[in-house]
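Me: I'm new to this structure and would like to understand the words used to describe it. Could you take me through them?

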Amino acid sequence: MNISLRPGKPEDAAICGAICYEAFSTISDQHNFPHDFPHPEAAIGLLTELLAREDVYSVVAEVDGRVAGSNFLWENAVIAGVGPITIDPKLQNVAVGRKLMESVLQRAQDRAFVGVRLVQAAYHNRSLSLYTKLGFDTREPLSTIQGSPIGVSVPSHEVRLATEADLAGCNKLCLKVHGHERGQELADAIKQGTASVVEHDGRITGYATLIGFFGHAVCESNEDLKALIGAAKEFPGPGFLLPTRNSELLRWCLAQGLRVVQPMTLMSTGLYNEPAGVFLPSVVF
Ligand SMILES: CC(C)(COP(=O)(O)OP(=O)(O)OC[C@H]1O[C@@H](n2cnc3c(N)ncnc32)[C@H](O)[C@@H]1OP(=O)(O)O)[C@@H](O)C(=O)NCCC(=O)NCCS
């Protein structure tokens with residue numbers, strides 16, 4: 001069996017997207033969890049977007065000349081994010097995933113990223129084992145949360161759409177909580193109209209690029225994050241990722257009728273600062 005790697009190309013979206021759908025739905029079915037992607041087109045759509053992005057590095061694996069899987073490194077922050085990594089279910093457990101992971105870790109090292117993060121499906125023994133062997137540490141148990149929009153507000157916590165004028169204040173908050181900024185992601189979310197901020201005592205005390213799978217949020221307090229979640233019109237993707245150790249916020253979400261969809265795990269290698277505030281990671285990190 002000959003395993004080779006090459007950079008991803010836009011033309012890989014259809015085959016890699018189909019593999020991505022198959023890989024995730026197969027492991028979900030084995031554990032009786034809902035599918036991450038509702039249909040193959042959703043996975044193909046995501047990979048079409050990622051393969052076209054200049055700030056996302058892509059790598060494709062071929063086994064005996066046939067496409068077997070792909071992996072991605074998000075390079076739009078000082079910390080790099082991994083995923084989705086997916087291998088054709090017929091070719092799993094024969095070291096293709098390890099090679100694709102080593103490729104993005106080498107890339108992160110070459111580009112001098114101070115840390116690399118990913119979010120792992122907690123019920124998947126193989127990915128947990130592989131990432132741990134490659135040097136990733138488990139940082140935070142997460143719960144994917146989904147449900148109908150809550151439509152509640154928190155007294156004296158005003159939520160509004162974020163604008164470019166908010167960037168500096170939000171970046172300062174992210175730096176305070178995480179020790180690094182995520183300004184590019186926030187700027188992109190502001191352009192797309194998905195970012196929101198919460199104000200309390202006349203200043204920004206929290207922001208979210210999106211309350212959903214691909215968004216992150218950073219806040220000073222749980223009241224700020226409740227206000228952002230309470231104002232969200234939907235929770236795009238499988239759900240938003242709530243740090244399970246934040247029991248107060250999880251209890252509040254459950255009391256609002258939201259449901260736990262599946263457990264996930266935030267993992268990292270390299271720089272990781274224990275957050276000095278309240279946060280929701282994105283599925284990238
Ligand atoms: C997760 C995934 C990418 C891994 O790729 P893969 O090609 O199957 O994995 P590999 O064969 O390269 O590596 C698996 C490693 O885990 C080890 N392993 C597997 N199951 C294990 C277990 N239960 N306990 C301990 N080790 C285990 C293997 O021995 C191997 O270790 P090695 O590299 O030191 O030999 C692939 O299985 C996949 O696409 N899964 C479905 C989609 C998915 O879950 N993606 C990841 C999202 S976080």
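Me: How many residues surround the ligand, and which are the closest?

Reply: Happy to help! There are 23 residues around the ligand, and the closest are I87, N93, G97, R98 and H124. To count as near, a residue needs a heavy atom within 4 Å of the molecule. This is a predicted model, where local features need pLDDT of at least 70 and side-chain atom pairs pLDDT 80 or more, while totals for chains, interfaces and linings use all residues. Residues are numbered from 1 along each chain as its sequence is written, and side-chain values use heavy atoms, leaving out hydrogens and water.

Me: What makes the approach of N93 to the ligand a polar contact?

Reply: A polar contact is a pair of N or O atoms within 3.5 Å. A backbone N or O atom of N93 lies 2.7 Å from a ligand oxygen atom, so the pair fits that definition. The backbone of G97 also has an N or O atom 2.8 Å from an oxygen atom of the ligand. For I85, a polar backbone atom is 2.9 Å from a nitrogen atom of the ligand.

Me: Why is α7 called roughly parallel to α8?

Reply: Two packed helices are described by the angle between their axes and the distance between the axes. The axes of α7 (residues 222-231) and α8 (residues 247-255) cross at roughly 30° and come within 10 Å. That angle makes α7 roughly parallel to α8, because angles under 35 degrees count as roughly parallel, over 145 as roughly antiparallel, 65 to 115 as roughly perpendicular and the rest as oblique. The axes are lines fitted to C-alpha atoms over the stretch in contact, with angles from 0 to 180 degrees between N-to-C directions. Helices themselves are DSSP runs (H or I, at least four residues).

Me: Which residues of α7 and α8 make the contact?

Reply: From α7 come N222, E223, L225, K226, I229 and G230, and from α8 come E248, L249, W252 and C253. Contact means heavy atoms within 4.5 Å.

Me: What makes α5 oblique to α6?

Reply: Helix α5 (residues 167-178) packs against helix α6 (residues 183-192) at about 140°, with the axes 10 Å apart. That makes α5 oblique to α6.

Me: And why is α1 oblique to α2?

Reply: The axes of α1 (residues 13-31) and α2 (residues 40-52) come within 8 Å and cross at roughly 130°. That makes this pair oblique. Among the residues in contact are A13 and Y21 of α1 and P40 and L51 of α2.

How values were computed. Helix = DSSP H or I, 4+ residues; strand = E, 2+ residues; numbered from the N terminus. Polar contact = N/O pair within 3.5 Å; in protein donor to acceptor, adjacent residues only side chain to side chain.
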